[in-house]
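Colleague: I'm new to this one and would like a quick tour. Could you put it on the screen so that I can ask as we go?

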Amino acid sequence: MTSDTLTYWDACRRGELVIQRCTACARRVHLPAPECPHCGGADLPYEPVSGEGRVHTFTVVHRSPVPEFRGREPYVLAWIDLPEGVRAFGRVVDCAPERVWIGMPVCVTFVDDLPHWRPT
């Protein structure tokens, strides 16, 4: 966690998904960044977003390289297209891995202060 991402993580702890918007070019930026990847602008306030989206792509993890996740396999990691024009990353929960599909509608939920995605 850095000072650039503190607002993002504070929002997650409150159960709120926020995304940066560049004041110079008005484009949304996610994952959190210190400057806009589109125009280089440095004023990127956070704004709440709907928390709804659709699965863009995903993978089913059968053997986790992360010690904290070993024994929880299989689980799904996915990129989610948000209607605000950016993608978010996280686990798909409350759904068997074989039932996840590209285009599946999901909404954000928070587990241990991390954004995860569940089917709607």
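Colleague: Let's start towards the end of the chain: where does D112 lie?

Modeller: First, a word on the source: this is a predicted model, where local features need pLDDT of at least 70, side-chain atom pairs count only at pLDDT 80 or more, and totals for chains, interfaces and linings use all residues. Residues are numbered from 1 along each chain as its sequence is written, and side-chain values use heavy atoms, with hydrogens and water left out. Helices (H or I, at least four residues) and strands (E, at least two) are DSSP runs, numbered from the N terminus. On that numbering, D112 sits in the loop between β7 and β8 (114–119).

Colleague: Is D112 buried or exposed?

Modeller: The cut-offs are under 20% relative accessible area for buried and over 50% for exposed, with partly exposed in between (1.4 Å probe, protein chains only). D112 has a relative accessible area of 68%, so it is exposed.

Colleague: What is phi of D112?

Modeller: Most residues other than glycine have a negative phi. D112 is not a glycine, yet its phi is positive, near 55°.

Colleague: And which loop holds D94?

Modeller: D94 also has a positive phi, near 60°. With a relative accessible area of 66%, D94 is exposed. Its loop is the one between β6 (87–92) and β7 (105–111).

Colleague: Stepping back, what pattern does the protein follow along the sequence?

Modeller: The secondary structure comes to one helix and eight strands. Read along the sequence, that gives α-β-β-β-β-β-β-β-β.

Colleague: Why call it as compact as a globular protein of that length?

Modeller: The globule rule is 2.2 Å times the number of residues to the power 0.38, and the radius of gyration is taken over C-alpha atoms. For 120 residues the rule gives 14 Å, and the protein is close to that, so it is as compact as a globular protein of that length, with a radius of gyration of 15 Å.

Colleague: Which residues does UniProt list for the domain?

Modeller: The UniProt record, an unreviewed entry, names a "ChsH2 C-terminal OB-fold". UniProt positions are in the numbering used here, feature names are shortened, and annotations may be inferred rather than shown by experiment. In the model, that stretch is 0% helix and 49% strand, with its end C-alpha atoms 18 Å apart. The residues listed are 46–110.

Colleague: What does V49 touch, not counting residues up to four places away in sequence?

Modeller: V49 is in the loop between β3 (46–48) and β4 (52–61). It is buried, with a relative accessible area of 14%. Contact means heavy atoms within 4.5 Å. Leaving out residues up to four places away in sequence, V49 touches L17, I19, R28 and E84.

Colleague: What does T5 touch, again not counting residues up to four places away in sequence?

Modeller: T5 is in the segment before α1 (6–13). At 15% relative accessibility, T5 counts as buried. With residues up to four places away in sequence left out, it touches P32 and Y46.

Colleague: Where is the cis peptide bond with omega near 10°?

Modeller: Most peptide bonds are trans. One cis bond joins E73 and P74, with omega about -5°, and P74 lies in the loop between β4 and β5 (75–81). L31 lies in the loop between β2 (28–29) and β3. The bond with omega near 10° runs from H30 to L31.
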